[in-house]
Amino acid sequence: MQSALSITTKVLPGNKIEIEIPEAEIGDSVDVFVILPEKAEAKHRSVLDIIEESRKRHLSRTAEDIDRQLQEERLSWGSSTADSIGKRRSHNNLTEESSTTGTLESLSFTL
């Protein structure tokens, strides 16, 4: 009767495998079957599908909700941090005079 042996091993560098067969004699001829694992196919999604999925996760978040949440977070930092943010905002609201046209341009930055 022919015997069979099932062994699981790792692929070594150089795409080689090494197995030990305790029941075999040196010089015996054996058949080896290699069954490679199934690899999951990469799921290709369009950018539109990704955006739509993201929107479904955050249905209730409007711009107003986000602004309100940010304001609440800033208020929880304490007055010294809020004052510091206010000073930076007023510093970033710049007015600059253009020397080439003689017009006044207002630049406003929001952090």
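Is Arg45 buried, partly exposed or exposed, and what is its relative accessible area? I looked this up first and noted that Arg45 is partly exposed, with a relative accessible area of 37%. I should record at the outset that I am working with a predicted model.

**Entry on the overall layout.** I went through the protein chain and found 3 helices and 2 strands in it, and I wrote down that its elements, taken from the N terminus on, run α-α-α-β-β. I then looked up burial and noted that, of the 111 residues of the protein chain, 2% count as buried, a class that takes in residues under 20% relative accessible area.

**Entry on the salt bridges.** I looked up how many salt bridges there are, and the count comes to 2.

I returned to Arg45 and noted that its side chain meets that of Glu53 in a salt bridge, with 2.5 Å from N to O. Glu53, like its partner, I entered as partly exposed, since its relative accessible area is 30%, and the partly exposed class lies between the limits of 20% and 50%.

I then turned to Arg68, which forms a salt bridge with Asp65, the closest N and O atoms being 2.5 Å apart. I asked myself why these two can be partners along the chain, and noted that Arg68 and Asp65 both belong to helix 2, residues 63–76, where they stand 3 residues apart and are therefore separated by about one helical turn. For Arg68 I recorded a relative accessible area of 47%, which makes it partly exposed, and Asp65 also counts as partly exposed, at 25% relative accessibility.

**Entry on the nonpolar patch.** On the surface I found a nonpolar patch formed by Leu5, Ile7, Val11, Ile17, Ile19, Ile21, Val30, Val32, Val34 and Leu36, which together have about 880 Å² of accessible area. I checked where one of these residues sits, and Val32 lies in the segment before helix 1, which spans 47–57.

**Entry on the largest pocket.** I looked up the largest pocket and noted that about 1000 Å³ of space lies in it. It is lined by 26 residues, of which Leu5, Ile7, Asp31, Val32 and Phe33 are the closest to its centre. Sorting the lining by class, I entered 15 nonpolar, 6 polar and 5 charged residues. Comparing this with my earlier entry, I see that Leu5, Ile7 and Val32 are named both in the surface patch and among the residues closest to the centre of the largest pocket.

Notes:
Residues numbered from 1 in each chain as written. Predicted model: local features only at pLDDT ≥ 70, side-chain atom pairs only at ≥ 80, totals over all residues. Heavy atoms only, no water. Patch = residues over 30% accessible without salt bridge, like charges linked within 9 Å, V, L, I, M, F, W, Y side chains within 5 Å. Areas by Shrake-Rupley, 256 points an atom, 1.4 Å probe, with all protein chains shown as cover. Salt bridge = Lys/Arg side-chain N within 4 Å of Asp/Glu carboxyl O. Helix = DSSP H or I, 4+ residues; strand = E, 2+ residues; numbered from the N terminus. Buried < 20%, exposed > 50% of the residue type's maximum accessible area, 1.4 Å probe, protein only. 1 Å grid on protein atoms, 1.4 Å probe; cavity = no way out; pocket = protein on both sides within 12 Å on 5 of 7 lines; lining within 4 Å. Points joined across faces, edges and corners; volume = space filled by probe spheres on them. Nonpolar A, V, L, I, M, F, W, Y, C, P; charged D, E, K, R; others polar.
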